[in-house]
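Work through the exercises below with the sequence and the model open. Each task is followed by a solution in steps.

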Amino acid sequence: MKEILDVRNLTKKFKLTKKQQESKNIKTPYFAAVDHVSFKSYEGEVFGLLGPNGAGKTTTMRMLATLINASEGDALVNGHSIIAAPLEVRRNIGFLTNELKLDEFFTPNFHFDFFANLRGIPADIAARRKEDLFARFGLGPYADVRIGKLSQGNKQKASLAISIVHDPAIVIFDEPTNGLDVVTAKVVMDFLLELKKSGKSVILSTHIFGLLENLCDRVGIIINGKMVACDTVPNLAGENSLEAMFFDIYNKTTKEAV
Amino acid sequence: MGNVTLAVMKKEITRIFNDRKLLFAAVILPGILIFAVMQLTGMMTQMIGGIDDDHIYEIHAVNMPASIRAMLSADELQLNIIPATLADAPRIRQDIADQNTDLLLIFPPDFDEIVATFDPATAAVPAPNIEIWGNSVRNESAEARHIVQTMINAYHHSLTHRFSINLPTAEVPDGNFDLATAGDIMALLLGVMLPMMFILFIFTGSQALVPESVAGEKERGTLGTLLVTTASRKQMALGKVLGLLFFSLLSALGSFVGLMFSMDGMMPDTGDLLDNTGFMDIFSAMDIALIFLIAVSLSFFFVALLAVMSTYSKTVKEANAVTTPLTMVIMLGAMGGGLISSNSIAFALIPIFNSSINLTAIINAELNTLHVMITIGLNFVLAIVLTGVVAAMFSSEKIVFD
Ligand SMILES: Nc1ncnc2c1ncn2[C@@H]1O[C@H](COP(=O)(O)OP(=O)(O)O)[C@@H](O)[C@H]1O
Ligand SMILES: [Mg+2]
């Protein structure tokens, strides 16, 4: 199996204001939201980051997407260092989160061309890809409707299609179904399954066990910024459900910390 | 300029063009407002100080050359030209100060001969200078000065600056040939109100656009979508600023048109000849080019400044809250030029204030070339530096993802 992602001691420290120190009950002005996290994932795999709110999932993924800088450690994305070659990394990833949105005013068509243009994709290749992706997502009839006028499901489809204009080797998806209605969540699930089927590598974060069991090959459990377990789903779960195993680890970890 | 810059700029322009409300607030409204306010102020001044239709202006002239005499003797101008000598000058000046007579013109002897052979490029001595003494408090005097100066200005331009008007002299080192003891409303109107409103409306035009566009992108989560691409942040920032600049310029153009119309409307009734006098007669092509350059550079500066403040803000509301108080500062700076008249180069280094000084100077035909060049240059430099700051901010995780 080819390594597609190699995360080594990735660490993110945030400087805290006095107020944040108090609210987090931390004595030092620095706080490690992600604390020496290491893991690997392999080509064609879906890797899930599981953890409670505030565990450091989003921060980890933002570092992998080169949106924020790592304080320590490094990660190789398809062989490219997030520290030394952030542009190469961005070329290799599609990054999706529900916080990143498309402009309500423009159409899926416009957006697709715009982002293909920003990424420097030749027009003929972009056109072929657009045709293919819009057909796959059933966006054809809505290609020239403003994003603002689309249903949540179609909006999400447009976002998904546009996040992979550049045919990235890895798709990073932070909380893919968070805050979506059931229909839209299904759109996203289908997309992820399809990516998996087509042999793409996916890194996703979630706190939804169902998503992990249905989709993920391997799971890393992250609590308080630390990777406390990382293995294939069957190995992690053993006889139990993933959920039971998670709470087992969770209770142990948080007890140790106290 | 780059693909990314163009793409981002095009997107920005398309978006705003389709937002009618924004377009109206930013582009159309300033011009209409400037026109309305100037009309109103104009009406008020006319109400305060009217001049009789048949008033004959008394123009005392020392060494009046034949060329100028010919220009000023048209009946429609209603000018009574009274020859005088230098010895009479102090008495006439006192009369002007006492508001008993209208204007005193002092020409150097042999003005026509000197001007005919004068070549500004090679001349060892300064160009001959005309002194125009008046009293801006007395409406008749202000009007007489306006008529005479308009005529002489036209001549001045046609002679490609072979003479000067009201340059400082040994006796008048401050170059103040106005014998008024208090500010005149008309002078105030032209010198203070016009530059102030022009600058202010360029600012408010940009202020209607930039926070909504820049902080709006942050708030709506569309900026993040841009930043995850491989596109250069410098180009992105530049594209954004240039796209907004396009509208800021439209806004400046709107203000400019409003200004043109209001100046046309404000010309008081002075007979047939000057009834047709408007904007284009008061300002030379050079003046208009300079006003345009000041407007462009100032728009660029404002857009970039507002973009920095808006990028720093998390929401449109916050961006509006931090940029709105700036309006007061801009207004003060914009008024400054009419209140503090000085060609000191140090003043050219104070943004906004310098643009105001130059606009006033253009209106009063007292422009200092170095001053205006520094002003325009500084505006551009500041704008480019601030655009760089926006690019740097786009790369800063604290600002984008906090
Ligand atoms: N910019 C920031 N400054 C300070 N603290 C932050 C910042 N971003 C995230 N955090 C903190 O880091 C921790 C991890 O956050 P996050 O990665 O969003 O967790 P998750 O996505 O797992 O819910 C949280 O305690 C959060 O409050
Ligand atoms: Mg999160």
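## Cavities and the A–B interface

The largest share of the lining of the largest cavity comes from S6(A), which gives four residues. The model is predicted, and the exercises start from this cavity.

**Exercise 1.** State how many cavities of 30 Å³ or more the model has, and describe the lining of the largest cavity.

*Solution.*
- Step 1. The count is four cavities of 30 Å³ or more.
- Step 2. The largest cavity holds about 190 Å³ of space.
- Step 3. Its lining has 17 residues, and those closest to the centre are Phe95(A), Ile162(A), Ser163(A), Thr225(B) and Val228(B).
- Step 4. Two elements of chain A, strand S6 (93-97) and helix H6 (152-163), give two or more residues each to this lining.
- Step 5. Sorted by character, the lining of the largest cavity has eight nonpolar, seven polar and two charged residues.

**Exercise 2.** Find the residues that line the second largest cavity, and sort them into nonpolar, polar and charged.

*Solution.*
- Step 1. The volume of the second largest cavity is about 70 Å³.
- Step 2. Its lining consists of Leu194(B), Pro195(B), Phe198(B), Leu259(B), Phe283(B), Ile291(B), Leu359(B) and Ile363(B).
- Step 3. In chain B, helix H7 (185-220) and helix H15 (353-363) are the elements that supply two or more of the lining residues.
- Step 4. H7(B) has the largest share, with three residues.
- Step 5. The sorting gives eight nonpolar residues, no polar ones and no charged ones.

**Exercise 3.** Describe the contact between chain A and chain B by residues and by buried area.

*Solution.*
- Step 1. Chain A brings 23 residues to the contact and chain B brings 22 residues.
- Step 2. The size of an interface is often expressed as the accessible area lost when the parts come together.
- Step 3. Here the two chains bury about 2400 Å² between them, with 64% of it on carbon and sulfur atoms.
- Step 4. On the chain A side, Leu67(A), Arg90(A) and Leu118(A) lose the most area to chain B, and together they make up 25% of what that side buries.

**Exercise 4.** Count the salt bridges and polar contacts across the interface, then assign the chain A side to its elements.

*Solution.*
- Step 1. Two salt bridges cross between chain A and chain B.
- Step 2. Eight residue pairs are in polar contact across the interface, both residues being at pLDDT 80 or more.
- Step 3. In chain A, strand S1 (3-15), helix H3 (86-92) and helix H4 (108-118) each supply at least two residues of the side that touches chain B.
- Step 4. H4(A) provides the largest share of that side, five residues.
- Step 5. The chain A side divides into 13 nonpolar, two polar and eight charged residues.

**Exercise 5.** Which residue forms a salt bridge with Glu397(B), and in which elements do the partners lie?

*Solution.*
- Step 1. Over all chains, the structure holds 24 salt bridges.
- Step 2. The partner of Glu397(B) is Lys12(A), with the closest N and O atoms 2.6 Å apart.
- Step 3. The pair crosses between chains, running from helix H17 (residues 397-400) of chain B, where Glu397(B) lies, to strand S1 of chain A, where Lys12(A) lies.
- Step 4. The cut-off for a salt bridge is 4 Å, and the closest N and O atoms of Lys12(A) and Glu397(B) are 2.6 Å apart.
- Step 5. In general, side chains of opposite charge can pair when their charged atoms come close.

Note on methods. Residues numbered from 1 in each chain as written. Chains lettered and ligands numbered in written order. Heavy atoms only, no water. 1 Å grid on protein atoms, 1.4 Å probe; cavity = no way out; pocket = protein on both sides within 12 Å on 5 of 7 lines; lining within 4 Å. Points joined across faces, edges and corners; volume = space filled by probe spheres on them. Nonpolar A, V, L, I, M, F, W, Y, C, P; charged D, E, K, R; others polar. Contact = heavy atoms within 4.5 Å. Buried area = accessible area lost by both parts, 1.4 Å probe. Salt bridge = Lys/Arg side-chain N within 4 Å of Asp/Glu carboxyl O. Polar contact = N/O pair within 3.5 Å; in protein donor to acceptor, adjacent residues only side chain to side chain.
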